[in-house]
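Thank you all for coming; I would like to spend a few minutes on how charged side chains are placed in this model, and then turn to its nonpolar interior. Please have the sequence and the coordinates open while I talk.

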Amino acid sequence: MISVSCLVGCSFGKPNETETQQTESENVSKENLFMIVEHDMQEESLCMYSLATGVEHYYEYGFSTRFKDKYGSLESSVKFTEGRVVTIAPRDKDGYLTEVQLSDQVWEYEKVRRFKIEEEREVFTIADTKYSIKDEVKVFSKGKEIQFSDISQDDILTVIGMDRKILSVVVTTGHGTLSLKNTELFEDSFLQLNTNIFAMITSEMEMEVPEGSYTLKVANDGWGGSTTIEIVRGETTEIDLDTLKGEGKKRGLITFDIEVEDVKVYVDHQLIDHTQPVELTYGIHVIKIEANGYDAWKTY
């Protein structure tokens with residue numbers, strides 16, 4: 001039984017941007033480059049830092065948003081983690097991003113173990129090559145910003161930069177890989193890990209996940225199930241999705257607890273009676289809620 005709640009007085013929208021410290025100069029080559037500083041997969045939102053202006057922008061995405069790698073091939077949104085640099089396309093009529101693509105103007109070095117940080121000299125050395133950290137460099141660990149001083153020489157890093165300048169550093173120590181096989185039935189639907197990691201399933205996908213125990217859930221077109229998995233540092237955990245599809249199509253109930261009056265609720269574009277439980281098949285459904293005085297709220 002799933003309950004969707006909308007509290008009195010809540011605004012169904014969020015602000016589009018938050019002012020942050022301006023950079024000293026604008027670089028034309030960075031005009032449409034944004035660094036991801038927060039990716040909330042549950043809320044389907046991205047907070048991104050403009051490399052040209054130094055302003056943070058807040059964007060929402062939806063099921064129709066296309067996430068692409070730097071070559072233009074479709075990619076799972078789970079790969080778009082803090083520190084990565086992207087380009088974006090304009091928003092659609094509902095305010096959702098239409099496209100997010102990893103930039104081909106930057107380089108990424110993964111599994112960096114041999115490095116030296118000299119903050120006073122503003123130099124970051126990878127192997128025997130020196131890079132500048134003169135301007136603001138963002139450092140992330142487990143999705144949160146940290147300081148250079150928090151990095152240990154035992155850490156494993158992903159370093160992202162442009163030319164000889166470093167843009168971001170991501171501490172990846174303590175991660176393992178989740179690998180999915182027999183994905184056909186669930187492709188273009190979502191997997192869920194615990195309550196905070198959501199990702200669209202692609203063919204034979206792999207994703208990097210912090211080590212630990214998780215409840216993995218998948219569902220599509222009435223098929224689906226869940227299992228407990230363990231992600232081990234530096235190792236690959238393989239899951240056969242055929243073992244989670246179940247023996248037949250399943251259905252569940254969704255209820256709505258809405259205190260705002262004169263509300264219209266649509267499920268899969270059909271107006272429903274939200275005062276009664278609605279039976280739906282396991283899988284993705286679109287919900288839209290409208291009320292006078294509020295922005296329309298839409299989710300999947």
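Glu 145, with a relative accessibility of 46%, counts as partly exposed, a class that sits between buried, under 20% relative accessible area, and exposed, over 50%, as judged with a 1.4 Å probe on protein chains only. Its salt-bridge partner is Lys 138, and the closest N and O atoms of the two are 3.6 Å apart, where a salt bridge requires a side-chain nitrogen of Lys or Arg within 4 Å of a carboxyl oxygen of Asp or Glu. Lys 138, for its part, is buried, because its relative accessible area is 6%. Elsewhere, Arg 66, Lys 68 and Glu 99 are joined into one network by salt bridges that share partners.

I should say at this point that the model is predicted, that local features need a pLDDT of at least 70 and side-chain atom pairs a pLDDT of 80 or more, whereas totals for chains, interfaces and linings use all residues. Residues are numbered from 1 along each chain as its sequence is written, and side-chain values use heavy atoms, with hydrogens and water left out.

By the salt-bridge rule the count comes to 14. One of them links Asp 128 and Arg 114, with the closest N and O atoms 2.8 Å apart. Asp 128 is in the loop between strands E11 (123–126) and E12 (129–132), and Arg 114 in the loop between strands E9 (107–112) and E10 (115–118), so the pair ties together parts 14 residues apart in sequence; strands here are DSSP runs of at least two residues, numbered from the N terminus. Asp 128 counts as exposed at 64% relative accessibility, and Arg 114 counts as exposed at 53%.

Which side chain of opposite charge is nearest to Glu 44? It is Lys 298, at 9.7 Å, and Glu 44 is buried yet has no salt bridge. Glu 44 lies in the loop between strand E3 (34–40) and strand E4 (45–50), and its contacts beyond four places in sequence include Tyr 59, Phe 190 and Tyr 300, contact meaning heavy atoms within 4.5 Å.

Turning to the interior, the largest nonpolar core has 35 residues, and Met 48, Val 86 and Leu 178 are among those with the most contacts inside it; such a core is a set of buried Ala, Val, Leu, Ile, Met, Phe, Trp, Tyr and Cys residues joined through side-chain atoms within 4.5 Å. Apart from it lies another core, of 17 residues, including Tyr 131 and Leu 157.

Note on methods. Helix = DSSP H or I, 4+ residues; strand = E, 2+ residues; numbered from the N terminus. Lys, Arg positive; Asp, Glu negative; His and termini not counted.
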